[in-house]
Amino acid sequence: MTLLERDPQAPAAWRGNLPVTSRYTYGIAGEKFFRALKDEGKIMGAECPTCGITYVPARAFCERGLSELTEWTDVGLVGELHTFTLVFVDYDGRPLYEPELVGFVSFGDGGIVHKLEADPDTLEIGMKMEAVLKPKTKRTGSILDIQHFKPVK
Amino acid sequence: MRKVAVIGAGMTKFVRRALETPKELSWHAAKMALDSCELTMDDIEATCFGTAPDAFDGVHMNGEYASDGAAGWGKPYMRSYVGGGTGVFNPIQGWYHVASGMFDVVMIVAEEKMSSFYPHAQAAFVTIFDHTTERALKPNLLWIFALEMNRYMTTYGIKKEDIARVSVQHKRNAAGHPCALLGEPNITVEDVLNSETLAWPVQRFDVSPVSDGAVAIILAAEHVAKRLTSKPVWIEGVGWYLDSAYWTNRDLVYPRYVEYAAKMAYDMAGIKEPRKEIHIAEPYDPFDYKALHHLEGLQLADRGKAVELYINGTAARDGNMPVCPSGGLLGVGNPIAAAGLMKIAELFWQLRGEAGERQVPGQPKRGVAQAWGDLMQVGTVVVMGR
Amino acid sequence: MTSRIKNFPGTSLSEKDFADGKALFVHDELKADYAWDTGVGIGAYLASLKRGQILGARCDHCRKIVVPPRTVCEWCFKPMSEYVPVQDTGTVNTFSLCYVTWDVQRITEPEIPAVIMLDGASELSESSVIMGGIMHKLGEVDPKKVHIGMRVQAVWKPESEREGAITDILYFKPI
């Protein structure tokens with residue numbers, strides 16, 4: 001049994017891309033959550049009365065029982081630092097000139113992954129972190145309406 | 001193998017652009033399916049999810065992303081994918097979950113949010129052609145359908161105005177579907193023939209619309225189904241089959257992949273004469289000629305003769321073998337994976353006598369649903385009966 | 001059940017809703033750039049195109065010659081026996097007159113995509129459902145005169161401009 005061989009003149013690779021461009025709607029929950037952030041400067045959670053879970057960011061439904069979540073509450077701008085990391089490379093793997101602090105700040109039974117503005121040496125898991133919002137006129141209804149989280153003084 | 005029944009179903013409206021996210025569309029359909037048979041998430045033992053290429057929703061690993069809305073939390077959960085065939089493969093996947101004895105109650109959810117691809121979802125399809133040997137020619141998805149349609153109609157001498165009857169009938173049927181995007185009670189063959197020529201012989205109204213939507217059904221093992229409902233609809237046969245991935249290496253005139261999938265499903269269902277034993281057909285109809293092509297693959301018409309079912313009234317809602325009483329993809333809409341599962345939901349409602357305005361007369365006993373996809377090479381078939 | 005439910009979920013948006021700020025949204029793109037290895041079969045195909053030749057592969061077990069060449073025969077799952085050059089002439093198996101580009105721009109002069117069954121490759125027959133066809137475009141032809149069964153020949157780029165791509169053939173024209 002002989003196998004077909006590679007043509008020595010064959011090009012090694014064919015280059016191309018997947019041209020995928022998207023427009024994502026925010027959806028039922030996203031509309032409410034991001035408008036509250038933009039217009040009122042609030043981070044909203046949604047509580048499931050059956051499970052006793054508070055989802056942050058708020059969602060339209062409880063994933064455990066699929067019931068609609070109608071009890072939305074303002075969970076405030078201060079959460080707890082659940083974990084953090086100092087990132088030295090960008091997403092292409094290139095070294096960053098300035099390392100970037102990223103953390104997961106928990107609110108209720110959920111939380112938000114965002115940038116942290118702090119001296120890394122002073123950070124401790126469990127410490128209180130506060131969301132720093134852009135000024136209202138600059139907010140667009142985006143997760144970037146939160147500029148970063150910083151330790152509560 | 002254990003007997004498996006469909007016991008509940010739910011769906012969203014099919015719309016051109018939905019506000020809801022893929023998670024939320026899935027949730028709406030799954031919740032409605034649960035409510036329809038008075039079950040809760042605690043009763044669901046496993047979940048099967050279906051969605052077409054990630055490029056449409058624009059979410060890499062869309063199965064994982066949508067899992068919370070698709071009733072996947074805390075369950076054995078898996079996404080299956082065979083392109084456009086997914087929506088009818090999904091219940092097959094669910095069927096073997098239950099038939100095998102692994103699970104008694106399984107949720108099936110299929111979702112698509114094509115509008116996320118912006119500006120036009122059609123452009124996403126350039127990526128399904130071979131990246132090295134075909135994409136350099138900058139193909140539009142329509143090419144492949146237009147090429148197949150031309151080969152089909154030329155080989156058998158079928159007139160365009162007769163093929164247009166398919167689109168007319170399906171869109172008129174869809175006028176009775178509360179979730180339909182393109183229900184048109186008064187559309188005529190002339191309207192189809194006067195619509196914009198996109199890729200001759202394909203014109204705008206020959207094509208189903210890009211859509212967003214979700215559908216869910218619930219499957220149960222016999223002992224559970226009989227306890228929960230007096231009207232279980234049984235999955236009597238399933239089949240799936242793949243032809244060559246080199247679509248230019250086979251004759252586009254006849255879908256052998258559908259024939260083999262159908263024969264597998266008919267064998268399992270004990271069907272010897274499908275034209276007598278199938279009362280309702282829901283062939284996959286993303287394009288009007290495609291319904292004809294697939295009816296032939298399903299052995300419900302001789303080769304090149306399916307159009308006669310439309311000409312002589314057999315395929316009408318009150319005909320001897322109604323075809324796409326739902327309104328099909330041409331009328332209800334084509335959120336890819338969800339569109340296939342919509343056909344299964346339609347058979348469920350039709351066979352239970354719950355299809356409202358769309359109800360086929362004569363208390364039909366058995367139906368077949370079929371979908372097709374990948375690079376025009378996969379056939380998926382489900383036979384359902386009561 | 002559809003007969004019992006009056007209001008199905010799902011909220012339809014129009015383009016105006018986006019323009020008017022009634023629906024929040026975000027644009028993004030998938031950054032997915034690739035260098036796909038050509039591999040054995042397609043590598044040979046591209047190299048032969050650069051030489052002005054269309055290459056197929058033959059399976060001695062199935063007695064089929066298919067294009068493009070591949071290393072395994074999917075029908076019998078044995079290794080393909082040999083590379084076989086096929087002719088750059090062939091027969092139009094099917095065609096379309098397409099008035100939209102891949103990214104849905106309207107055009108007035110149609111593109112004419114076609115499946116071309118190449119001479120020297122396997123043909124469809126009573127006993128064979130496998131053929132050696134490729135997708136390409138037709139040119140130098142009045143769209144009204146194109147028909148299935150038409151005999152065509154490849155029009156190549158000048159040798160110096162060929163790069164080892166399917167586009168080294170500009171199009172097929174009537175013989």
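Start by selecting Arg58(C) in this predicted model, and look across to S5 of chain C, where the bridge partner of Arg58(C) is Glu82(C). Widen the selection to strand S3 (residues 54–59) of chain C together with S5(C), and you will see the two strands pair in the antiparallel sense over 5 bridges. They belong to an open sheet of 3 strands in chain C, ordered S4-S3-S5 with antiparallel pairing. The edges of this sheet are strand S4 (64–66) and strand S5 (82–86) of chain C, each of which pairs on one side only, and the twist from one strand to the next averages 35°.

Next, add helix H2 (residues 39–50) of chain C, which lies across S3 and S5 of chain C and runs at about 145° to S3(C). Then move to the loop between S4 and S5 of chain C, where Pro68(C) is found, and inspect the peptide bond from Val67(C) to Pro68(C), which is cis with omega near -5°.

Now turn to the place where chains B and C meet, a contact that takes 52 residues from chain B and 46 residues from chain C. On the chain B side, strand S1 (4–11), helix H1 (22–36), helix H5 (141–156) and strand S5 (197–200) each supply at least two residues, and H5(B) gives the most, with 7 residues. Coloured by residue class, this side of chain B divides into 24 nonpolar, 17 polar and 11 charged residues.

Within the same region, select S5(B) and strand S7 (residues 97–100) of chain C, which pair in the antiparallel sense over 2 bridges; here Ala199(B) stands opposite Cys98(C) in S7(C). Follow chain B onward to Trp200(B) and Pro201(B), which are joined by a cis peptide bond with omega of about 5°, Pro201(B) being found in the loop between S5 and strand S6 (202–203) of chain B.

The contact between chains B and A takes 27 residues from chain B and 19 residues from chain A. Select H1(B) here, since H1(B) gives the most to the side of chain B that touches chain A, with 5 residues.

Finish with two residues of chain B whose backbone deserves a look. Ala71(B), in the loop between helix H3 (62–65) and strand S3 (77–80) of chain B, has a positive phi of about 65° although it is not a glycine, and Ala71(B) is buried, with 32 other C-beta atoms within 10 Å. Asp374(B), in the loop between strand S10 (366–373) and strand S11 (378–385) of chain B, likewise has a positive phi, of about 55°, but Asp374(B) counts as partly exposed, with 19 C-beta neighbours inside 10 Å.

Conventions
Residues numbered from 1 in each chain as written. Chains lettered and ligands numbered in written order. Predicted model: local features only at pLDDT ≥ 70, side-chain atom pairs only at ≥ 80, totals over all residues. Contact = placed C-beta atoms within 7 Å. Helix = DSSP H or I, 4+ residues; strand = E, 2+ residues; numbered from the N terminus. Nonpolar A, V, L, I, M, F, W, Y, C, P; charged D, E, K, R; others polar. Pairing = 2+ DSSP bridges. Axes fitted to C-alpha atoms, helices over the stretch in contact; angles between N-to-C directions. Buried ≥ 20, exposed ≤ 12 C-beta atoms within 10 Å, placed from the backbone.
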